[in-house]
Amino acid sequence: MKKGLAFKRIFAGVALSSAVGLSALFGGCASSGREGINGKDLNIYDIYEAAKAESGNPDMTMDEFLKQYLSYSPADLEHITSLEACINKSLMASVSVISRIKKGTTNRYHVSSSAGSGIIIDIDRENGDMLVLTNCHVVYSPDDDVLGDGYSDDISVWLYGSECSNYKVNNKNAIKAQLIAASITYDAALLKVTGSQKVKVSKAEKMNWCMREENYVGETVYAIGNANSETMSATVGYITKDLEKITVNAGTEEKPDYRSHPAVRTSAPINPGNSGGGLFNGDGELVGLVSASSKTYADRGYAITAASTRRVVNKMLNSYSGENTRGISIVDHGIEFTVTDSYSPGLNEHGDAEICEEITVSGVGMLSSAVGKLGIGDVIKHIKVIRRNTVVDEVEVNRMHNIDDIMLSVMPNDCVEFTVKGNYGNYHVSVYFTVNEFKTAD
């Protein structure tokens, strides 16, 4: 049908990139459109009304319109429009990163460059300021011949659309960034941009965190980053494993330094240069900080979980006072936990297969503030972090990582309230951790 094909072309060329009306109809993260005909934002209803007029069928239903003119079911259309809109919104919250580090001696050195990606976590367009999250390994080198402490003091970022595959040619669009915080242990770093005119006139966005504690196999995700240093691109896949510990070498081959991270595994292709970029879900929320790919399996990419990374970022920001910080302070609670059971309770209300673990106290160090409060065999059910009588973080403890993650939120003198299942039912245990019970994770 020629008329149907014509409308399909109109819809594909305009409406899918102009999502004002679609966001109202279908939801998703589409919230603004590009100007369509005569400067007016097109929406699905404009095209629907035009189709009714052309067909001479004023009683055509929306479902009939979708089937006859677009060959898409409402469910198909919702998926296509929301995913495309979210990917493009996430592109506007992403940057390319180049860090340069001097190697050699003070009198005779060369500059080594590292290409990666970053995610805008905060933006003040009026003042031209941004905060960018990336991997620590994008801005750090463990090589013996590095001058200084191994961290780059020459970092540039490029907003989406301003980058070029030849960065030497396109330096006029580079935005200088300062490394303000980094952690090798958690492979995270924060970059600060101050007073940039390019930021002031940009349409850059900040990303949104996924606030869920768990991820689920089969969820559609996409990775955005400066893959192979060929400027920003997107790849789409699925979460293929909801959680696993990955071990990476943060050192050199001669002097390895192995670190472990809680990660999401994805089938979305991950390439060199994706490091520090985002892994986003279908709602455009960050579910992981892309950090690694498998050398053995082509369909295995990894992103450090958002549940861990967002707490590391909060700890960095809480600790930052104008001076660059290296590493973060974490509580050395002295409590040993063990997984004593693991099972699936079945599908949750969203149809996702759940995994539950029973987490049991197996030991308490003699110097821990928890001595005499938590008992061997107590099952941890819930944890709250309370600061000055205000709950600042809390989780239901369904997996071991829930404990590791929430402990990243604890600051000196916070109260940590454990809800435990003991021999005589559930009860609450309040533990205050002193300044002496903290250590620095580099």
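A cavity is a set of grid points where a 1.4 Å probe fits but cannot get out, and its lining residues have an atom within 4 Å of a point. In the predicted model described here, one cavity of 30 Å³ or more is present. The space in the largest cavity amounts to about 90 Å³. Its lining comprises 13 residues, and those nearest the centre are Glu 213, Glu 214, Asn 215, Thr 305 and His 401. Two elements, β9 and α7 (306-319), each give two or more residues to this lining. Five nonpolar, three polar and five charged residues make up the lining of the largest cavity. Glu 213, one of the residues nearest the cavity centre, also takes part in a network of salt bridges with Arg 310, Arg 311 and Asp 393.

The largest pocket has a volume of about 970 Å³. Its lining is formed by 37 residues, with His 137, Val 248, Asn 249, Ser 275 and Ser 291 lying nearest the centre. Two or more lining residues come from each of the strands β1 (94-104), β2 (109-124), β9 (233-249) and β12 (285-293). By class, 16 residues of the pocket lining are nonpolar, 17 are polar and four are charged. Strand β9 is thus listed among the contributors to the largest pocket and also among those to the largest cavity.

Aromatic contacts were examined next. Two aromatic pairs are counted in the model. In one of them, Tyr 140 and Tyr 151 adopt a tilted arrangement, with 4.8 Å from centre to centre and 45° between the planes. Both residues of this pair belong to the loop between β3 (129-134) and β4 (154-159), where they are 11 residues apart. Tyr 151 has a relative accessible area of 13% and is therefore buried, the cut-off for this class being under 20%.

The other pair is formed by Tyr 222 and Phe 280, whose ring centres are 5.4 Å apart; the pair is stacked because the planes lie at 20°, and planes under 30 degrees apart count as stacked. Since Tyr 222 belongs to strand β8 (residues 220-225) and Phe 280 to strand β11 (residues 278-281), the pair ties together parts that are 58 residues apart in sequence. Tyr 222 is buried, its relative accessible area being 0%. A value of 0% likewise places Phe 280 in the buried class.

The ring of Tyr 151 has a further partner in Arg 326, whose charged end sits over the ring at 4.4 Å from its centre. The side chain of Arg 326 additionally forms a salt bridge with that of Asp 149, at an N to O distance of 3.8 Å. This salt bridge joins the loop between β3 and β4, which holds Asp 149, to strand β14 (residues 325-326), which holds Arg 326, across 177 residues. Asp 149 is partly exposed, with a relative accessibility of 48%, and Arg 326 falls in the partly exposed class at 30%. Tyr 151, in contact with the charged end of Arg 326, is by contrast buried.

Side chains of opposite charge can pair when their charged atoms come close. Over the whole structure, 17 salt bridges are found. Among them, Lys 176 and Asp 154 meet with an N to O distance of 2.7 Å. Lys 176 is part of strand β5 (residues 175-183) and Asp 154 of strand β4, so this pair ties together parts that are 22 residues apart in sequence. Lys 176 is exposed, with a relative accessibility of 56%, whereas Asp 154 is partly exposed at 25%.

A further salt bridge is made by the side chains of Glu 357 and Arg 399, at 3.6 Å from N to O. Here Glu 357 lies in strand β17 (residues 353-364) and Arg 399 in the loop between β19 (390-396) and α8 (400-406), and the two are 42 residues apart. Glu 357 counts as buried because its relative accessibility is 19%, which is under the 20% limit. Arg 399 is also buried, at 7% relative accessibility.

Technical notes
Residues are numbered from 1 along each chain as its sequence is written. This is a predicted model: local features need pLDDT of at least 70, side-chain atom pairs count only at pLDDT 80 or more; totals for chains, interfaces and linings use all residues. Side-chain values use heavy atoms; hydrogens and water are left out. Rings of Phe, Tyr and Trp (its six-membered ring) pair if their centres lie within 6.5 Å; planes under 30 degrees apart count as stacked, over 60 as edge-to-face and the rest as tilted. Helices (H or I, at least four residues) and strands (E, at least two) are DSSP runs, numbered from the N terminus. Buried means under 20% relative accessible area, exposed over 50%, partly exposed in between (1.4 Å probe, protein chains only). A charge sits over a ring if NZ of Lys or CZ of Arg is within 6 Å of the ring centre and within 35 degrees of the ring normal. On a 1 Å grid over the protein atoms alone, a cavity is a set of points where a 1.4 Å probe fits but cannot get out, and a pocket is an open set with protein on both sides within 12 Å along at least five of seven lines; lining residues have an atom within 4 Å of a point. Grid points are joined across faces, edges and corners, and a volume is the space filled by probe spheres set on the points. Ala, Val, Leu, Ile, Met, Phe, Trp, Tyr, Cys and Pro count as nonpolar, Asp, Glu, Lys and Arg as charged, and the others, Gly among them, as polar. A salt bridge is a side-chain nitrogen of Lys or Arg within 4 Å of a carboxyl oxygen of Asp or Glu.
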